[in-house]
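Work through the exercises below with the sequence and the model open. Try each task before reading its solution.

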Amino acid sequence: MRLQKAGREFKACCPFHKEKTPSFTVNDEKGFYHCFGCGAHGDAIRFLTDARGLAFMDAVKELAEQAGMELPAPDPRAQAKAERAAGLYEVMDAAAGWFVDQLEGVEGGAARAYLKERGITEATRRKFGLGLAPDTRGKLKTALKRFGNAKLVEAGLLIAPEDGKEPYDRFRGRLMFPIRDPRGRCIAFSGRIISAGEPKYLNSPDTPLFDKGRSLFNIDNAGPASRDAKRIIVVEGQMDVIALDQGGFGETVAPLGTALTEAQLNLLWRFSDNPIICFDGDAAGKKAAIRAADRALPILRPGKSLLFCAMPIDQDPDDFMASAGKPAFEKLLSESANLSAFVWKSELEVDPLTTPEARATFGRRLRDRAKAIVEEDIRVQYLGFFNAQLEELYGGLRQDSPGARRHAFHKYQGVSPEVLAISQHGIDQAVIVRAALEGLRRHPHLIADSSEAIALLWIKNRGWRQVREAMLIAALESGPLDKAKLETKLQAEGLGSTLQTLQRTRDLRFSFLRDGQGENEAARDLADVLDKMTAGASFEAAIQNAFRRASSADPEEWQEAFAELERLYSLKRESDQALREFSWQEVDVAVEA
């Protein structure tokens, strides 16, 4: 980004959204930046955390270093740790330069030939700082002897034998990949064996600079690239990262030989709300993707999830890019499945569902996966999603049924349970929710078919949320319910007193609760109400998306963006009015939902 002087300020094209005319300004006197296009605003620290994905303290440290300032340490131990780490950065930088020199020298011929065979250009080699560790026990130790053996051991570059013998080089006969932190500092290495031998890849041990479970290969380059790409891609290995970067996908990272950790997922979510997991198409890659899903489920929060890109069988991203090219890989990424769909598919492939026992086990596994989610709103959404999928799988949805219309509507909208969990507001919400729950208690056979709509209900009252979740679980475990069976399950969950509040229907004037109304008519009205509540919530999600688009629209696009907003608001009002028509008498009793 190049800043140009504009009066007392500076201006440039905004780094947070694409634009042709500069609307990003920097006011040096007041110490802030502001974009009049997308609304991005903040100070120097905020710029580094948003633009480069740095943690707050990393941003502060980088700014302090640039200004020649020393940050006070909170205590002597922290000061000592910081000083030790500062020395290790110098060691790692020197080692990285030495490895590059070896790759470019006489001994690097085999490694250079290997890279050429893999299609890696010299420019890419330089960009990633690739190097070579010669197949000797002491060349690196000799080259960096000025740092002392103790420092080289602490940096993970030498191995100190337990028997007290002389330390020797850790990496030997390997192509070297520097591992850098988000600030671009070398913190470790990964070495790939060039000739025959094991292990194929060898990483630095954990050091004061390097924690394997908290680091990602290429995060220093992929972080800024993800801002323009609006995504970040996760692959299994360093060569996959390099091949994709060379092919135009600079927003690519890889874990370091282990399953994705919670810390790595949280790091990825700083750059993208939906990182794309793109592991190899073999059995090991599929298992690794499932492990990533397992790690993500407990820590999901509204708006943060994962996407899964399925590679062709027995191909990895490097192979696919070499054979199919960028457009084909871009198409593959566009077909990525959201986390909920991936979990459903992976569980569906475990065993054939040819017996009632197998189907019951399948339902229990799905319930267990959903129960792993700590965030209640998302957990309920997953239960509703799984219920709807089971209904379609086992019984099939009638083309004209409310459930079928809901299912088709959500597929058309592309709304996942994770997204739906953040848009939950409707008309007279307390009353309509209470009426819907009581209606479902009276007509429990509707729960399985209406599970998506039930999951969409926004409920403030904790007891009512527990009733809703218990209903969904009962349908997931038991299939079609009758009133007695549902009552027993709800009582067993300790919800008796909550049920009593739902059964007081004097102030609930809805057609499906009216005494004397036929069973079929009541069930039809309740299903239609749930259908319309689902549509209303989806309209709200669309309104939120449209509002975000309108907020960042270029001036010439504003009129069109706000016209779309007005259209959606009109549809939402019509939906609300249709919902009110199911109440035969206005209700003025306030109830907390």
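**Exercise 1. Place P317 in its element, classify its exposure and list its partners distant in sequence.**

Step 1. This is a predicted model. Find the element: P317 belongs to helix α12, which covers residues 317-324.

Step 2. Classify the exposure. The relative accessibility of P317 is 0%. Buried means under 20%, so P317 is buried.

Step 3. Collect the contacts, skipping neighbours within four places in sequence. P317 then touches V235, D240, L244, C278, D280, M311 and F329.

Step 4. Check a C-alpha separation. P317 and E236 are 81 residues apart along the chain, yet their C-alpha atoms are separated by 8.9 Å.

**Exercise 2. Is S336 buried or exposed, and what does its side chain meet?**

Step 1. Locate S336. The residue sits in the loop that runs between α13 (326-334) and β16 (337-338).

Step 2. Apply the cut-off of 20%. S336 has 17% relative accessibility, so S336 counts as buried.

Step 3. Look for a polar partner. A polar atom of the S336 side chain lies 2.7 Å from the backbone oxygen of L333.

Step 4. Add the contacts beyond four places in sequence: I276, L307, F308 and C309 touch S336.

**Exercise 3. Work out the strand order of the open sheet of 5 strands, then find what F24 faces.**

Step 1. Write the order. The sheet reads β1-β2-β3-β4-β5, and the pairing is antiparallel.

Step 2. Find the edges. β1 (4-6) and β5 (41-42) each have a single partner strand, so one side of each has no neighbour in the sheet.

Step 3. Recall how such pairing works. Strands of a sheet pair through backbone hydrogen bonds, either parallel or antiparallel.

Step 4. Count the bridges around β3. Strand β2 (residues 9-12) is joined to β3 by 3 bridges. Strand β4 (residues 32-35) is joined to β3 by 4 bridges.

Step 5. Read the register. A12 has F24 as its bridge partner in β3. F24 also stands opposite C35 in β4. F10 stands opposite V26 in β3.

Step 6. Sort the side chains of β3 (residues 24-27). F24 and V26 point one way, while T25 and N27 point the other way. All of these are buried.

**Exercise 4. Describe the nonpolar cores and the chain as a whole.**

Step 1. Start with the largest nonpolar core. This core has 79 residues, and L260, L339, Y382 and F386 touch the most other members. Helix α21 (residues 462-478) gives the most to this core, with 9 residues.

Step 2. Go to the other core. It lies apart and has 54 residues, including F128, L158, L209 and L256.

Step 3. Take the chain totals. There are 25 helices and 16 strands in the protein chain. Of its 593 residues, 50% count as buried. The chain exposes about 28,700 Å², of which carbon and sulfur atoms supply 51%.

Step 4. Check the contact range. Among contacts with a separation of 6 or more, 66% join residues 24 or more positions apart.

**Exercise 5. Which residues have a pLDDT under 50, and how should they be read?**

Step 1. Take the average. The protein chain has a mean pLDDT of 83, and 82% of the residues score at least 70.

Step 2. Mark the weak stretches. Residues 396-413 stay under 50, with 34 contacts in the model beyond four places in sequence. Residues 422-427 are also below 50, with 21 contacts beyond near neighbours in sequence.

Step 3. Draw the consequence. Where pLDDT is low, the predicted coordinates should not be read in detail.

Conventions. Residues are numbered from 1 along each chain as its sequence is written. This is a predicted model: local features need pLDDT of at least 70, side-chain atom pairs count only at pLDDT 80 or more; totals for chains, interfaces and linings use all residues. Side-chain values use heavy atoms; hydrogens and water are left out. Helices (H or I, at least four residues) and strands (E, at least two) are DSSP runs, numbered from the N terminus. Buried means under 20% relative accessible area, exposed over 50%, partly exposed in between (1.4 Å probe, protein chains only). Contact means heavy atoms within 4.5 Å. A polar contact is a pair of N or O atoms within 3.5 Å; within protein, one must be able to donate a hydrogen and the other to accept it, and residues adjacent in sequence count only if both atoms are side-chain atoms. pLDDT is the predictor's confidence in each residue, from 0 to 100. A nonpolar core is a set of buried Ala, Val, Leu, Ile, Met, Phe, Trp, Tyr and Cys residues joined through side-chain atoms within 4.5 Å. Two strands pair if DSSP finds at least two bridges between them. Accessible areas come from the Shrake-Rupley method with a 1.4 Å probe; for residues, only the protein chains shown count as cover.
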